[in-house]
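Please consider the structure shown below with attention to its charged side chains. The discussion concerns salt bridges and the exposure of the residues that form them.

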Amino acid sequence: MLQASFTGFFGLAAIWFAVVVFRTHSMVRSALALLFSQAAIGGMFLAMQTEFLGVLQIMMMATEMAIMAIFMVMYMMDPGGLGGMDMTHQKRASQVVGVLVALAALAVAFFTSWGPIASEVRPAQQVHDLGIEIMERSMLIFETAGVTILTAMIAATAIAIKRRGKE
Amino acid sequence: MICGARQARPNFFRRLVARAQARELAAFVVPGPEAARVLGVDLEAVGLRISDTPRHASVLLLVGELPLGLKKAAAVAYAQMPRPRAILTIGAGDVSPLPEPDVAARPRQEEVATGVAELRRLFARGAFSPEAADFDVDAIRTQTEYVCPMHPEVVRREPGSCPVCGMDLVPREAAGGNDHDAMDHGGDGTHHESMDHGTHEHHDGDHSSQGHEGQDEAHSSHVDMDHGDRDEGHEGMDYGGHDQGGASHGEHDHMDHMGMEYASADEGDSQANPGGNGGSEHGAHGEPEGHDEHTGMRHGEHESHEHMDHNGYGGHDHGGHGHMDHGDMGFMSMVEMTEGLPRSSDGLQMEWVEGVPFGPLSPGLPGGLTLTLTLDGDTVARAEAKGVEGRPTAENLAGPVEELVDRLAQLDPLSPVAYRVLALRALESGAGVEPDESTAFARVGALERERAASHLGWLSIFGRLLGYSWLEDRAGGLQISLVRAANADEVARLWVEAGRLSRRVEKTPLLRRKLRGVGLLPEGAEPLGPVVRAGGVATDVRAGEEVYLTLGFEPVVRDGNDALSRLTVRLAEIEQSLDLIQKAGEMTVPEPVTNGEPLREGSATVETPRGAATLRLMPEEGAVGTIELDEPSARHLGLVGGLVEQRELGDALVGVASLDLSPWGMAR
Amino acid sequence: MSALLAVLMLLVGAYLVAVLEGWVSTGRLRPAGPITSGLALLGRESVVPRQPDRIFFEVAPPLLLVAALLAAAVLPLSPTLIFADLATGALFVNAALAYVMVAVVMAGWGPDGTYAMVGGFRFLGQLIAYSMLIVMPITAVAMRAESLFTTEVVESQAALPNAIYQPVGFVVFFVAAMAVAFLPPLDLPTAPGELAGGIMAEYTGWRLAVMRLARAVLVVTLAAAISVFYLGGWLGPVLPPWAWSAIKTLLVAAAMLLVGRYVPRLRETHVLEWGWKIGIPLALLNIFYVGVLLLVV
């Protein structure tokens with residue numbers, strides 16, 4: 001019961017912060033609201049007793065959102081939010097897509113058989129199992145993802161470098 | 001009661017707090033800690049911590065006679081200090097517009113020590129008092145005006161809406177003629193920013209706004225009226241500006257807000273000032289994330305860049321940056337906003353933030369030096385340096401000949417002896433007199449002592465800028481010992497210590513990397529003094545003087561023309577000067593030698609610690625008549641702009657500091 | 001009970017670090033220094049800048065404190081003296097430290113002042129440099145312990161402390177820890193002398209007291225992390241476990257504070273360059289080296 005209420009609380013917090021992301025006019029507030037939204041999702045993970053995922057989520061999101069804050073401020077005109085710029089675009093389309101995706105997510109949540117709920121959770125065992133999973137069955141997935149990200153980083157860096165001799 | 005007490009009834013707990021505050025005195029020194037060292041006063045030894053910003057200080061410490069410009073800056077700094085606060089002066093006279101100092105001491109160590117003890121007693125007793133008075137001077141007053149965020153040229157005295165686009169006018173402070181100095185209290189722009197412009201401080205406990213004369217409307221955004229508890233949201237200081245005889249500033253001059261204002265600079269007008277910082281200008285500029293920016297600092301107001309115009313200073317022109325006029329408030333990307341601006345060296349094009357002040361009371365720069373930077377991200381796009389406002393200039397030297405020597409010595413408190421010798425030599429050349437050998441040797445000793453002390457003082461400030469606390473403390477301590485040294489034997493001991501300091505500094509890990517290539521002078525620059533000698537050119541006035549040649553003098557020359565070579569040149573010169581003092585044997589400046597003949601035109605050149613200074617006299621009827629004075633810092637002033645362009649902020653500051661500018665010797 | 005005791009020891013540690021910091025910077029040892037400073041600060045006016053981003057301005061100091069406390073919560077002083085022995089302890093330390101950065105950025109953006117802003121964003125640059133360097137040595141440490149439990153990490157060092165077993169990781173982590181706590185010479189966000197206090201410049205009164213407390217707690221936490229991960233935590237002869245923990249933590253804190261006095265501040269370009277070009281390869285090598293040691297030797 002306690003667990004469900006905490007999960008619900010974090011879920012609502014995540015939604016609320018996500019709304020703030022789009023309602024606020026300040027870029028930096030928007031980025032940090034996104035951070036806290038993701039951190040709330042991490043909190044949900046923790047409430048659902050998936051400790052590693054929760055901690056990982058909280059950790060990664062802090063750094064990622066800070067980077068996003070930098071980019072937002074760098075490239076956008078009004079980081080302080082004084083101009084009252086509207087943060088939303090393509091309202092119609094996004095509303096439709098949002099509703100559709102929400103319905104799809106609910107369908108997946110309700111109609112999938114998730115298997116039995118673990119009666120006893122030992123976090124250390126979870127970490128161990130996760131590690132084995134990554135290294136054995138899902139290794140190909142993670143390796144591919146890792147190499148893809150690395151390639152993207154290198155490509156982005158290469159594009160950003162001023163070409164010598166052309167300037 | 002101390003002059004800056006907090007308004008409250010003293011009770012048991014507050015008395016305890018007051019006693020704690022008395023033990024934890026932190027001083028903000030105007031013009032800077034080096035001023036105290038030059039007088040031979042060791043502030044750390046009396047238990048005063050030196051604070052970088054007025055915000056963290058509880059005592060305002062004024063050292064020496066200050067010109068009006070610095071006093072105004074000090075007033076603004078004082079207004080920024082959180083109460084309870086006190087004022088201590090050392091060797092300063094009248095300090096208006098500041099209130100009467102709580103303790104005034106003469107520049108002797110014992111007196112300062114007793115003064116500080118007295119100050120502690122005053123603090124413990126009087127930090128809280130029901131009769132605390134507000135501090136309000138013209139220097140910190142501003143007026144509000146209302147401006148359209150999209151159209152900065154639309155300015156009104158009352159709130160309303162913009163005739164062009166219909167948006168509501170946003171309040172902003174306007175300064176009356178500001179004194180740039182005053183704006184920068186504390187020296188660091190920061191204070192500006194946070195300073196609440198436009199409001200006056202109110203009393204603690206005075207929860208209503210009645211304490212504010214006049215500018216109540218300025219409280220448009222009175223952020224923290226924390227009534228209820230005694231902490232007051234003090235919106236700081238207003239800077240305002242005081243009228244500078246006629247400079248009409250119409251709407252601008254927000255000098256004050258420099259820093260902040262930038263941000264404020266118009267949101268509507270291409271704002272987002274992204275100031276990238278973070279560093280990155282490194283070869284691999286690839287990492288865009290490395291460029292953090294200074295985001296639009298002021299997510300607040302909309303002021304246009306033009307307002308950064310400092311009137312009163314010959315115009316700081318906003319260069320090629322007109323503000324973008326957006327006909328519509330459509331989305332504008334950074335690319336569009338920065339069209340037309342020169343490309344930044346690190347490849348990341350940012351909005352320019354203009355007029356960020358560093359000084360006149362900035363901790364890492366010589367006290368009194370005002371450096372106004374235009375920041376492009378974290379890169380400096382332009383810089384302008386100014387000296388101390390209101391300092392005496394060559395015009396003030398006119399008068400009877402007898403007083404010339406003293407007046408000239410007062411011109412630059414950082415090197416009085418050099419100027420004294422300069423005046424003496426000019427007079428002697430005018431009278432056709434040659435000083436005898438012992439006088440010459442004594443003058444050499446005095447001049448070299450000042451040179452070594454000045455370089456040590458510079459080392460200490462430089463250490464503070466670099467974040468190298470050991471150097472700051474050690475060089476400062478050596479400077480004080482040298483200033484207090486009574487005879488040449490003590491100097492011999494200091495010579496050994498200086499040698500050790502020099503070797504230790506040269507072996508400091510990472511120092512070379514920090515300084516190499518920083519502060520390179522632009523092409524065609526012709527500096528003087530240690531700066532030119534650091535570029536491989538052996539220009540030294542002393543090499544042409546017989547006295548020095550008999551003592552075996554050779555100019556110290558290094559290659560590199562960057563901050564590192566200037567550091568090594570000055571380190572070597574310190575040792576050389578101390579060595580020369582020992583050889584000369586004496587360190588006094590005897591009285592001028594005259595032969596009663598009428599004065600004719602005379603001139604002299606002396607190698608001051610910062611470079612060659614030349615004085616030409618054309619006496620008329622027994623008075624001084626026309627004077628021409630060439631000072632090294634005036635020449636170096638012009639080098640600042642080229643030196644810092646396209647450098648990262650930290651490197652730019654190091655470069656400027658490596659020039660060892662004397663803000664007293666700079667032309668207005 | 002032991003949880004409370006752990007918190008108490010942490011605060012005592014923070015107090016001692018504040019005394020140490022005072023000693024290092026002024027040369028005078030004042031045991032009652034932090035109390036007097038704290039009292040003095042509480043009695044001073046609290047000045048708020050005119051148009052701050054209020055939420056960020058207010059949240060930054062407590063967030064800094066909370067982040068440091070959370071990181072400290074999973075570090076053991078002795079086998080039983082730990083606030084929360086999480087199964088993902090070593091990772092949790094890193095997660096909490098990430099919020100230090102969030103707090104610093106808030107402190108930079110909040111007050112709406114140039115110096116604070118420059119300081120805040122310089123810290124982001126520093127973050128880019130150190131963030132990998134904090135995690136990778138922890139990975140190698142966890143490899144040796146075969147667990148993320150901080151208590152097990154300490155116990156795995158019974159034979160040989162990690163500082164000797166993986167010295168490269170030790171050095172990298174030490175430097176990265178100094179970057180997290182923005183201690184000189186990596187004190188770009190506060191840069192006294194250049195930025196006149198940077199992110200701390202706009203705080204006065206009780207908020208400044210909270211910031212300073214948070215900083216002291218952060219230094220203690222990082223020193224404790226270094227001693228737990230690399231110096232064998234509570235292991236040692238003769239003295240009781242908590243005493244060893246305390247001694248090692250304080251020694252590490254003293255070392256971190258002293259280094260800054262004798263080295264000039266690093267240039268931002270160098271921090272980033274060396275972090276990426278030297279630090280990351282070294283950290284990767286360290287992981288590889290530890291892997292070889294564990295699997296082969």
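The paragraphs that follow consider selected salt bridges in turn.

The model is a predicted one. Over all chains, 37 salt bridges are counted. Three of the pairs, taken here as examples, are set out with the exposure of each partner.

In chain B, the side chains of B:Arg106 and B:Glu111 form a salt bridge, with an N to O distance of 2.7 Å. B:Arg106 has a relative accessible area of 56% and is therefore exposed, because the exposed class begins over 50%. Its partner B:Glu111, with a relative accessible area of 23%, is partly exposed.

A second pair links B:Asp473 with C:Arg261, whose closest N and O atoms lie 2.8 Å apart. B:Asp473 belongs to helix α12 of chain B (residues 469–484), while C:Arg261 belongs to helix α10 of chain C (residues 241–261), so this salt bridge joins two chains. The partners fall into separate exposure classes: B:Asp473 is partly exposed at 35% relative accessibility, whereas C:Arg261 is buried at 12%. The latter assignment follows because buried means under 20% relative accessible area.

The third pair returns to chain B, where B:Arg533 and B:Asp540 form a salt bridge with their closest N and O atoms 3.3 Å apart. Both B:Arg533 and B:Asp540 are buried. These two residues also belong to one network, in which salt bridges with shared partners join them to B:Glu448, B:Arg451, B:Arg542, B:Glu573 and B:Glu607.

Notes. Residues numbered from 1 in each chain as written. Chains lettered and ligands numbered in written order. Predicted model: local features only at pLDDT ≥ 70, side-chain atom pairs only at ≥ 80, totals over all residues. Heavy atoms only, no water. Salt bridge = Lys/Arg side-chain N within 4 Å of Asp/Glu carboxyl O. Buried < 20%, exposed > 50% of the residue type's maximum accessible area, 1.4 Å probe, protein only. Helix = DSSP H or I, 4+ residues; strand = E, 2+ residues; numbered from the N terminus.
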